[in-house]
Amino acid sequence: MAESISNLQGLLFQLSEPIRKTILETPYTPPETGNISVKAVIDQLLPDKSSRPDSNFSDTRIRNSIKDFSLACALLSSARSPTHELLSWIPLSVSILAESAFCELSKAHCLTFSETNARKIAELGLNYGMMTEENRLIAELIPQVLPSLKDIIQESSVDKSDEVNEFSAASARAPVGFAIVAAYQFRWFVTKIDYPHLGKLCALVIPCALTAVDHWSTEVKGQGMISFIHIGKNVNAAELGSYSDVILDACCQNIASDDEIWHLVVEMSVVLVTCIQQSNPRSPWFERILNEMLSHLDRQPRNMDRRVAWLQHVEPLFNSIGLFLLAHFRRIFPLFFQWMGADDDETVILVLKQIFTVIRLTWIRNTPYVDRLVDELSALYKGASSKKSHEDIKRLVSEILTLLQQCKGVQFEAAYDKYRDDPSFTDAVPSQS
């Protein structure tokens with residue numbers, strides 16, 4: 001075992017040196033607002049360059065080195081798609097190098113500590129044989145890593161006792177840059193584990209994710225939201241257990257997020273509420289989350305990024321609510337009518353798809369919007385020739401009108417009658433041509 005540990009120690013140095021060399025050679029100016037040197041953080045996580053492999057390298061020491069090196073790889077790998085200046089300076093080549101290094105380390109780790117690793121995986125309730133070597137190492141590290149990352153994020157969270165300047169008080173305790181780094185590392189660890197393994201780790205993962213989305217920093221929130229989206233797609237409702245209501249409340253509280261992460265909070269909320277409440281369309285959580293979203297859209301109906309994000313992600317929510325969407329028509333359809341006249345084709349196409357979904361789910365019964373809908377669709381169809389995506393728009397309008405004809409019968413015929421002889425509209429409903 002001593003020889004194996006020594007070999008593993010040597011591999012750590014071998015994998016670290018090209019990363020360290022490239023990082024040191026990369027130009028770097030710490031952001032003025034960050035109050036943190038990410039380059040120094042990475043250097044501290046890599047094996048101490050002044051030490052050398054030796055036969056007395058203890059089991060505990062090598063495990064700590066593996067943990068720190070894995071945190072460095074997590075941060076460097078996360079820089080492949082950073083949204084913050086703290087990580088934007090890291091070259092893509094280093095991110096790729098870090099991913100490759102972690103893969104090689106995980107193989108060596110599983111060979112050296114195979115029995116111990118298998119026992120720890122079993123204690124977590126995971127199936128060792130179904131996991132890759134990378135996942136085995138990550139699963140072993142998660143109980144050690146996540147509590148410390150949660151504490152780092154928590155250190156710069158808002159101090160509720162300071163009513164004068166909450167954000168400044170939080171930043172005074174600990175620079176927010178450390179929380180941003182920890183949030184990226186957390187997101188990397190979580191998104192490396194998928195179904196069916198992630199559900200067994202919820203008790204470790206959820207508290208850290210909640211701490212991230214509760215943070216005042218948009219960047220920290222965003223990484224927490226990405227983590228929750230992955231969680232919602234890779235666990236089942238039973239595995240979320242007692243966290244369900246807390247998670248959904250966090251979704252509601254964050255729907256007021258800034259523009260740059262609104263697409264994330266919408267996707268997170270839809271993924272989680274449909275995961276947790278999918279068999280209960282009467283759940284008050286559906287109504288609360290949908291109403292929160294509609295309230296923010298009502299206030300900014302011309303905000304293209306917000307409406308596009310909502311239209312892209314909302315369909316699973318509609319499918320889960322089903323017929324109970326009727327109760328929301330008075331808020332949904334005014335937005336739909338306004339967006340049908342948008343200048344951008346993306347909004348128009350997305351809103352037409354969601355109109356079709358709503359009609360399909362509700363058969364649009366007992367509603368005063370049929371006549372207005374036929375009028376708006378007719379105007380859109382006739383004016384579509386000036387749009388770049390005119391073929392897709394006309395096809396979608398025709399599909400909606402055909403569905404309306406099937407579900408509304410006489411009411412549709414009466415509304416459509418005034419357009420029946422319009423030569424620019426005769427092919428909109430095939431059976432009426």
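Start by selecting W363, which sits in the loop between α18 and α19 (370-383). Keep in mind as you go that this is a predicted model. With a relative accessibility of 36%, W363 counts as partly exposed. Now check its backbone: phi of W363 is near 55°, a positive value in a residue other than glycine. Most residues other than glycine have a negative phi, and most peptide bonds are trans. Hold on to the second half of that remark, as a later stop will call on it.

**Zoom out: the whole chain**

Show everything as a cartoon and you will find 21 helices and zero strands in the protein chain. Along the principal axes, the C-alpha atoms fill a box of roughly 90 × 45 × 45 Å. Colour by accessibility next: of the 433 residues in the protein chain, 54% are buried. Among contacts with a separation of 6 or more, 74% link residues 24 or more positions apart.

**Into the core**

Which residues have the most contacts inside the largest nonpolar core? Select F189, F228, I231, W310, F336 and L404 to see them; the core itself has 149 residues. Centre the view on I231 and leave aside its neighbours within four places in sequence. What remains in contact with I231 is V190, L198, V205, I206, A209 and L240.

From there, move to helix α12, residues 244-254. Its buried residues are S244, I247, L248, A250, C251, C252 and N254. Display the surroundings too: these buried residues pack against α9, α10 (218-234), α11 (237-240), α13 (259-277) and α14.

**Helix α15 and its two partners**

Two packed helices are described by the angle between their axes and the distance between the axes. Put that to use with α14 (residues 284-299) and α15 (residues 304-313), which pack at an angle of about 155° with their axes 10 Å apart. That angle makes α14 roughly antiparallel to α15. The crossing of α14 past α15 is left-handed. For the side chains, select L290, M293, L294, H296 and L297 on α14, together with R306, R307 and W310 on α15. Sorted by class, this contact has five nonpolar, one polar and two charged residues. W310 may look familiar, being one of the residues with the most contacts inside the largest nonpolar core.

Now keep α15 on screen and bring in α18 (residues 345-362). Here the angle is about 35° and the axes are 9 Å apart. α15 passes α18 in a left-handed crossing. To see where they meet, pick M304, R307, V308, L311 and Q312 in α15, and E346, T347, L350, V351 and Q354 in α18. By class, the contact of α15 with α18 has five nonpolar, three polar and two charged residues. R307 is worth a second look: it takes part in the contact with α14 and also in the one with α18.

**A crossing at α5 and α6**

Next, select α5 (residues 114-123) and α6. Their axes come within 10 Å and cross at roughly 65°, and α5 and α6 are therefore roughly perpendicular to each other. This crossing is left-handed. N117, K120 and I121 in α5 meet R136, A139 and E140 in α6. The contact of α5 with α6 has two nonpolar, one polar and three charged residues by class.

Stay on α6, which covers residues 133-155, and click on Q144. Is Q144 buried or partly exposed? At 33% relative accessibility, Q144 counts as partly exposed. Measure from its C-alpha atom to that of L204: the two are 60 residues apart along the chain and are separated by 9.8 Å.

**Last stop: the loop between α8 and α9**

Here is the peptide bond promised at the start. Y195 and P196 are joined by a cis peptide bond, with omega about 5°. P196 lies in the loop between α8 and α9.

Step along to H197, which is placed in the loop between α8 (176-191) and α9 (202-213). At 5% relative accessibility, H197 counts as buried. Not counting residues up to four places away in sequence, H197 touches L126, N127, M130 and M131. For a final distance, draw a line from the C-alpha atom of H197 to that of Y369: they are 172 residues apart along the chain and separated by 47 Å.

Key
Residues are numbered from 1 along each chain as its sequence is written. This is a predicted model: local features need pLDDT of at least 70, side-chain atom pairs count only at pLDDT 80 or more; totals for chains, interfaces and linings use all residues. Side-chain values use heavy atoms; hydrogens and water are left out. A nonpolar core is a set of buried Ala, Val, Leu, Ile, Met, Phe, Trp, Tyr and Cys residues joined through side-chain atoms within 4.5 Å. Buried means under 20% relative accessible area, exposed over 50%, partly exposed in between (1.4 Å probe, protein chains only). Contact means heavy atoms within 4.5 Å. Axes are lines fitted to C-alpha atoms, for helices over the stretch in contact, and angles run from 0 to 180 degrees between N-to-C directions. Helices (H or I, at least four residues) and strands (E, at least two) are DSSP runs, numbered from the N terminus. Angles under 35 degrees count as roughly parallel, over 145 as roughly antiparallel, 65 to 115 as roughly perpendicular and the rest as oblique. A crossing is left-handed if the near helix is turned anticlockwise from the far one by less than a right angle, and right-handed if clockwise. Ala, Val, Leu, Ile, Met, Phe, Trp, Tyr, Cys and Pro count as nonpolar, Asp, Glu, Lys and Arg as charged, and the others, Gly among them, as polar.
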